[in-house]
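Trainee: I am new to this structure, so could we walk through it together?
Mentor: Gladly; ask away once you have it in view.

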Amino acid sequence: ILGNAHAQAHACTLRPAALRGVGLHMCMLAAADKLALGGTFSARWRPDLGVAAADAALSAADADLPKHCSFAVVGAGWSGAYAAWRLAVDTSSVNASSVCVFEANGRVGGRIFSVHGLPSFADLAVDVGGYRFQTRQRLPADLVWSALKLPTQCYDWECAAKCEGTTCYVVKDAFGNNAGYATAIETMLGQVEAAGGPGRQVHLAARLTSIEAAPAAGRAASRLIFAGGRSVTASKVLLNLPSNAIEYLSRDSTLLGSSSAAVRRLLGAVTTIPMVKVYAWYDDAWWSTKLGLMEGAFTAATDGAPLEGRYHDGPQRCVVGRDTAGDPVYSGKKIAYGNCSGALEVYYGIARPYYAKLMPSPLQPLTVATRGTSSLAAAQLIGDVHAALMARHAKALASAGVAPGAVSPPQTVVLANWISAGRYTPGIGRLLGGDLDRALLRKPLPEYDLFLANQDFGYETGWAAGSLAMAEKVLQAELGLPAPRWLDAEWYEKRVVAEP
């Protein structure tokens, strides 16, 4: 399934070279990875390191950065990857070899965090951040369906259209489950890499610390300074950064020191909603195999692990037979009362102290607890989650003739804390302003070719669609790019061109 073959084909030997600010160990990325497209950017759980990182991050902290980029993107989330792809691949308006993407983390996607290689999950991915789009959101929908041609599946069981009153979609895998919303981002960046030829276009573990004027590179050019003193000049720059990351830039940065009072106020006028998302993997997906619960939400306030989950959210593997070699044959979709293992969304909502205390560091939202490890905290988390689920479903299990004690605890519990103070990947940000404010922010310094597009400042809070629309507005209004051929024309006129 997606990412596994790439991870095996492009494995490299780990060596102790710390990834600055994130604390990974790294190894060199082979030139052959240029052919891997998005697979080399898939975030994989690295149990020896205790983090999820992409193959492309390995040794990135020690890699040389280019001296100059015609167009540089800082932040490899939706806006950043999309802008680079539109310029280098979709329109070829900028030579791909001179397009650069810089990302502080050891993975791409930002709050779109699709994790592969988790214990017990086999080849299934799980999204511990943003994960779906609606039909009305034409930019992500048409991008996924028409431009990137990725397979999708209804988010709700049997397309029940209960996703905030409409139908949502996820990028699917061979089991009919979510392959990871980051697949689209990884695919775009993979295409940018492939179009760029020899060398590297996407640079992970590159933490921006300051932005300066670079008159020697052009009147409106900038110098990007990264942790460790590395620097790159760029003729044009798009910052796909949340408000927190901008706040951490040096006070001497042109973005902060030379901008107007109105821009500085708006850069900090973002309120952030802290979120947490939790999944539990069971070898027997009892909610569907024993109770037939395939759709709907559940909640429970407990002294231990709080619950606020959905039965239809979480990948499953359902066995429908055996092949001639005796290996299992899977259905390609979830089956009520089937022979299924899988993950249940245990909690997705406002951050709770119980889960927040398990965050390993402010730079690392992901926590993975595996049954049978020596960690007391992991054992406590798994035990508390299981106890809360069994208590919440005790009556339903009893009606089905199943004693809660007969249900084995989960093998793995995965959670992600998206905190307000997260430096690079905080919770859901919302600009306390309107579209005229966004127009001011998208080119915050009139004398520099420096642009801004991020979900924190975007047109739709909490959805990638808002971030993408802001990036497209930058491309249309500031860089003169024509409308995407694959995008609904009426939507483009109303939601991009007509915006101030």
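Trainee: Which handedness does the link of Cys154 and Cys159 have?
Mentor: A disulfide here is a pair of cysteine sulfur atoms within 2.5 Å, and Cys154 and Cys159 are joined by one at 1.9 Å from S to S. The angle about their S-S bond is 95°, and the link is right-handed.

Trainee: What kind of model are we looking at, and how are residues numbered?
Mentor: This is a predicted model, in which local features need pLDDT of at least 70, side-chain atom pairs count only at pLDDT 80 or more, and totals for chains, interfaces and linings use all residues. Side-chain values use heavy atoms, with hydrogens and water left out, and residues are numbered from 1 along each chain as its sequence is written.

Trainee: Is Cys159 buried, partly exposed or exposed?
Mentor: Buried means under 20% relative accessible area and exposed over 50%, with partly exposed in between (1.4 Å probe, protein chains only). Cys154 has 14% relative accessibility, so Cys154 counts as buried. Cys159 has 43%, so Cys159 counts as partly exposed.

Trainee: How many disulfides are there by this rule?
Mentor: One of them joins Cys154 to Cys159, and another is formed by Cys163 and Cys168, with sulfur atoms 1.9 Å apart. Cys69 and Cys100 form a disulfide too. By this rule the count is 4.

Trainee: Which hand does the disulfide of Cys163 and Cys168 have?
Mentor: Both Cys163 and Cys168 are buried. The torsion about their S-S bond is about -65°, so this disulfide is left-handed.

Trainee: How many residues apart are Cys69 and Cys100?
Mentor: The sulfur atoms of Cys69 and Cys100 are 2.1 Å apart, and the torsion about their S-S bond is about -100°, so the disulfide is left-handed. Helices (H or I, at least four residues) and strands (E, at least two) are DSSP runs numbered from the N terminus. Cys69 is in strand 3 (residues 68-74) and Cys100 in strand 4 (residues 99-102), so the pair links distant parts of the chain, 31 residues apart.

Trainee: What is the relative accessible area of Cys100?
Mentor: Its partner Cys69 is buried, with a value of 0%. Cys100 is buried as well, and its relative accessible area is 3%.

Trainee: Which residues of the second largest pocket are the closest to its centre?
Mentor: A pocket is an open set of points on a 1 Å grid over the protein atoms alone, with protein on both sides within 12 Å along at least five of seven lines; a cavity is a set where a 1.4 Å probe fits but cannot get out, and lining residues have an atom within 4 Å of a point. The second largest pocket holds about 400 Å³, a volume being the space filled by probe spheres set on the points, which are joined across faces, edges and corners. Among its 24 lining residues, the closest to the centre are Gln153, Cys154, Tyr155, Gly176 and Lys334.

Trainee: Which elements give two or more residues to the lining of the second largest cavity?
Mentor: The search of the whole structure finds 2 cavities of 30 Å³ or more, and the second largest has about 60 Å³ of space. Its lining includes Arg136, Tyr459 and Trp491. The elements asked for are helix 13 (464-478) and helix 14 (489-497).

Trainee: Which strands stand at the edges of the open sheet with the order 2-1-5-6?
Mentor: Two strands pair if DSSP finds at least two bridges between them, and the pairing in this sheet of 4 strands is mixed. Strand 5 (residues 114-116) and strand 6 run antiparallel, joined by 2 bridges, with Ser114 partnered by Asp127. The edge strands each have a single partner strand, so one side of each is left without a neighbour in the sheet: they are strand 2 (51-54) and strand 6.

Trainee: Which residue in strand 17 does Phe298 stand opposite?
Mentor: Strand 16 (residues 297-300) runs antiparallel to strand 17, and 4 bridges join them. The two form a hairpin with 6 residues between them. On strand 17 (residues 307-310), Leu307 and Gly309 make up the covered face, and the residue opposite Phe298 is Gly309.
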